[in-house]
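Here is a report on a two-chain model. Please look at the sheet first, then the cores and the contact between chains.

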Amino acid sequence: MNRGNALWRLIGITALLTTIVFICGFGFAMNDILNPRQAPSLSDIDTTDHAYVKDDVIHITALGDSLTKGTGDSTGEGYVKQTIKLMEGKYDKPVQLLNNLAINGMRADQLVQKLKSDKGYRLAVSEADIVLLTIGGNDLFRFARGGNAADEQDSNTAVESDAKDNAQPESRAEEQISLEEVKMNMDKGADLLRRTLELLNDLNPDARIVYVGLYNPFYDIPELRDGSLQVQDWNRSAYDVIHQHPNMMLVPTSDLFEENISRYISSDHFHPNHEGYAAIAQRIVQAID
Amino acid sequence: MSSLLPLVRNETMKVWKKKRFFVVILVLLVLIPVFTYAQMKIALNNRDKFDDWRLQLQQKITDYQNQLSSERIPEEWKQYRRIAVQQLQYYLDHDVNPDSPNAVTFSRGFVEAAITMFIPLLVLAVASDLVSGERSTGTIKMLLTRPVRRWKILLSKLIALTLYVSLTLLATVVLSYLIAGIFFGYGGWTLPVFTGFVIHGSDVDSSAVHAVPQWFYLFMVTGLSWLSAMTIACLALMVSVLVRSTAASIVTMMAAIIAGSILTNMASSWHTAKYIFSVNLDLTNYLAGSPPPIEGMSLLFSVCVLAVWAVAAIIVSFSVFTKQDMLN
């Protein structure tokens with residue numbers, strides 16, 4: 001009986017105290033959600049130590065649009081992962097992808113914005129040894145597709161709605177791409193590219209920055225073959241900036257997608273397929289010493 | 001009042017002797033290591049791929065943004081993603097790791113994940129045969145032939161049940177902390193957690209966001225879970241009064257809870273579903289600032305719905321228990 005009494009006291013008191021604690025917790029939670037400003041706040045935040053990356057590994061950060069994302073590659077590798085594989089073979093050193101921050105449909109103005117204000121982007125760039133970059137395709141061809149409406153929305157939804165435009169490029173492209181408009185937006189885009197590259201340089205002057213040049217995905221459509229001229233103009237203005245910085249290089253791709261376009265382009269007739277990306281990756285690895 | 005305490009003691013010790021609470025502890029002892037192991041695998045995998053949690057978080061944000069651009073993903077999911085992107089970005093901007101692996105984070109995550117299914121299940125282990133169990137063994141006759149008012153007997157059962165609900169939650173938190181600590185270390189009490197995200201459509205208003213230390217967050221999370229668990233306990237008591245067999249009473253309650261969790265995942269277009277108790281169990285959602293399963297739900301709304309269900313269940317239990325012919 002005595003033992004039973006002690007047990008009951010133990011259970012009873014523990015449970016009672018716990019109940020009171022939980023009711024208090026519930027009260028605090030209600031208060032915190034319903035009057036968020038009055039809740040106790042933590043003034044000094046203890047942040048964890050900055051984990052610096054190891055030196056004996058080559059770190060890669062990939063930035064840009066759907067090409068860097070690897071859209072169109074049925075294996076999901078894209079040129080970024082294939083480049084890493086090839087580099088590992090070439091240097092006999094571990095090559096690590098820090099981040100692939102590419103977003104489908106990203107434009108140069110959005111990338112500039114991200115590089116200016118987004119901590120994650122800035123960190124990923126500043127810790128990289130090599131930055132792989134594709135940008136500009138959406139600037140050139142988006143303007144051509146006549147969508148300026150996305151400009152007013154915030155960057156997240158703009159990326160999204162723009163990518164929606166990307167969904168059926170082949171059907172829209174033929175209707176809507178007019179070369180005059182491509183031409184018109186060239187200067188604006190080239191200026192944004194200049195700012196992107198300069199921002200990258202400011203963030204990490206030691207990193208090797210590899211810009212993958214544009215190609216004309218519509219080379220096989222006779223009316224749109226002249227688009228290649230604009231593409232080359234774009235690549236030329238990119239090179240204007242790139243050649244000023246010894247740590248930057250431009251890897252041309254437009255020749256790959258001329259005679260071999262049916263072999264290298266994916267079924268959406270806009271992005272490369274696995275083989276197309278493999279060809280780009282080979283170019284990149286050849287260009288890096 | 002003086003006659004109530006011995007009754008509560010009697011009920012509490014009866015449950016203890018039936019070893020129901022040991023079953024609860026045993027289930028926790030088996031399951032928590034499993035979850036801990038899974039969590040550790042994820043942490044190790046992330047450590048392999050990312051040297052820095054910031055890069056990992058940024059990759060997560062980018063992945064979500066890419067999902068947003070996919071045509072295949074339904075609009076409601078995109079809404080979740082959009083909100084998650086903004087919240088993760090907030091963590092990144094303030095240099096706080098939202099899922100740093102430690103025992104307190106694990107306990108918090110475990111309680112948050114367990115609130116809709118697992119904790120209710122554990123509560124049922126105790127609650128479901130409180131009355132129906134006595135009927136099937138026949139001991140209810142002995143109980144009711146004593147010179148005590150029937151409502152006092154049921155009240156003592158309800159109080160004992162409350163005590164066990166608290167003990168179950170306490171055991172869940174303590175055991176998950178102790179077991180996860182073996183793998184992740186026992187730290188993490190003072191890590192900041194952000195709360196106070198206000199959601200308007202797919203936009204997150206972070207003007208009211210403030211950081212609270214994680215121990216305080218855990219304290220609030222368990223408080224909210226306690227209310228959910230108590231609602232389940234009251235309903236289970238009612239079912240236990242109404243139904244003669246313990247098995248039937250467990251099945252009834254489980255069906256209701258599981259139906260709720262299924263509805264939560266698919267009923268965003270059926271608005272009246274928000275008055276069902278099991279859709280409202282996930283109170284910790286509001287603390288984390290996740291969008292509610294059905295539009296128009298808020299913390300106050302959910303608490304009211306749960307309270308109405310619980311009070312109704314108590315009224316039904318008492319009126320049936322005091323009037324029904326129990327002795328057959």
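## The sheet of chain A

In this predicted model, chain A holds an open sheet of five strands. Their order is β2-β1-β3-β4-β5, and the pairing is parallel. β2(A) and β5(A), the latter spanning residues 248-251, are the edge strands. Each of these two pairs on one side only. From one strand to the next, the twist averages 20 degrees.

At one end of that order, β1(A), residues 58-64, pairs with β2(A). Five bridges link the two strands in the parallel sense. A:Ile58 stands opposite A:Val95, a residue of β2(A). Helix α11(A), residues 227-242, packs on the sheet. The helix touches β4(A), residues 208-212, and β5(A). Its direction makes about 160 degrees with that of β5(A).

## The N-terminal segment of chain A

UniProt, in an unreviewed entry, lists residues 6-29 of chain A as "transmembrane region". In the model, this stretch is 100% helix and 0% strand. Its end C-alpha atoms are 34 Å apart.

## Contact between the chains

How many residues does each chain give to the contact? Chain A gives 51 residues and chain B gives 52. On the chain A side, the elements with two or more residues are α1 (2-34), β2 (95-100), α5 (119-126) and α7 (155-166). Helix α1(A) supplies the largest share, 21 residues.

By residue class, the chain A side divides into 29 nonpolar, 15 polar and seven charged residues.

## Nonpolar cores

In soluble globular proteins, nonpolar side chains tend to be buried together. The largest nonpolar core in this model has 84 residues. The residues with the most contacts inside this core are B:Val123, B:Leu161, B:Ala233, B:Leu235, B:Ala236 and B:Leu237. Which element gives the largest share of this core? Helix α10(B), residues 214-242, does, with 20 residues.

B:Leu161 shows how parts of chain B meet. Leaving aside neighbours within four places in sequence, B:Leu161 is in contact with B:Val126, B:Ala127 and B:Leu130. B:Leu161 also contacts B:Ala233 and B:Leu237. A second, separate core has 66 residues. Among them are A:Ile60, A:Met106, A:Ala124 and A:Phe141.

How values were computed:
Residues numbered from 1 in each chain as written. Chains lettered and ligands numbered in written order. Predicted model: local features only at pLDDT ≥ 70, side-chain atom pairs only at ≥ 80, totals over all residues. Contact = placed C-beta atoms within 7 Å. Helix = DSSP H or I, 4+ residues; strand = E, 2+ residues; numbered from the N terminus. Nonpolar A, V, L, I, M, F, W, Y, C, P; charged D, E, K, R; others polar. Core = buried A, V, L, I, M, F, W, Y, C linked by C-beta atoms within 7 Å. Buried ≥ 20, exposed ≤ 12 C-beta atoms within 10 Å, placed from the backbone. UniProt positions renumbered as here; feature names shortened; annotations may be inferred. Pairing = 2+ DSSP bridges. Axes fitted to C-alpha atoms, helices over the stretch in contact; angles between N-to-C directions.
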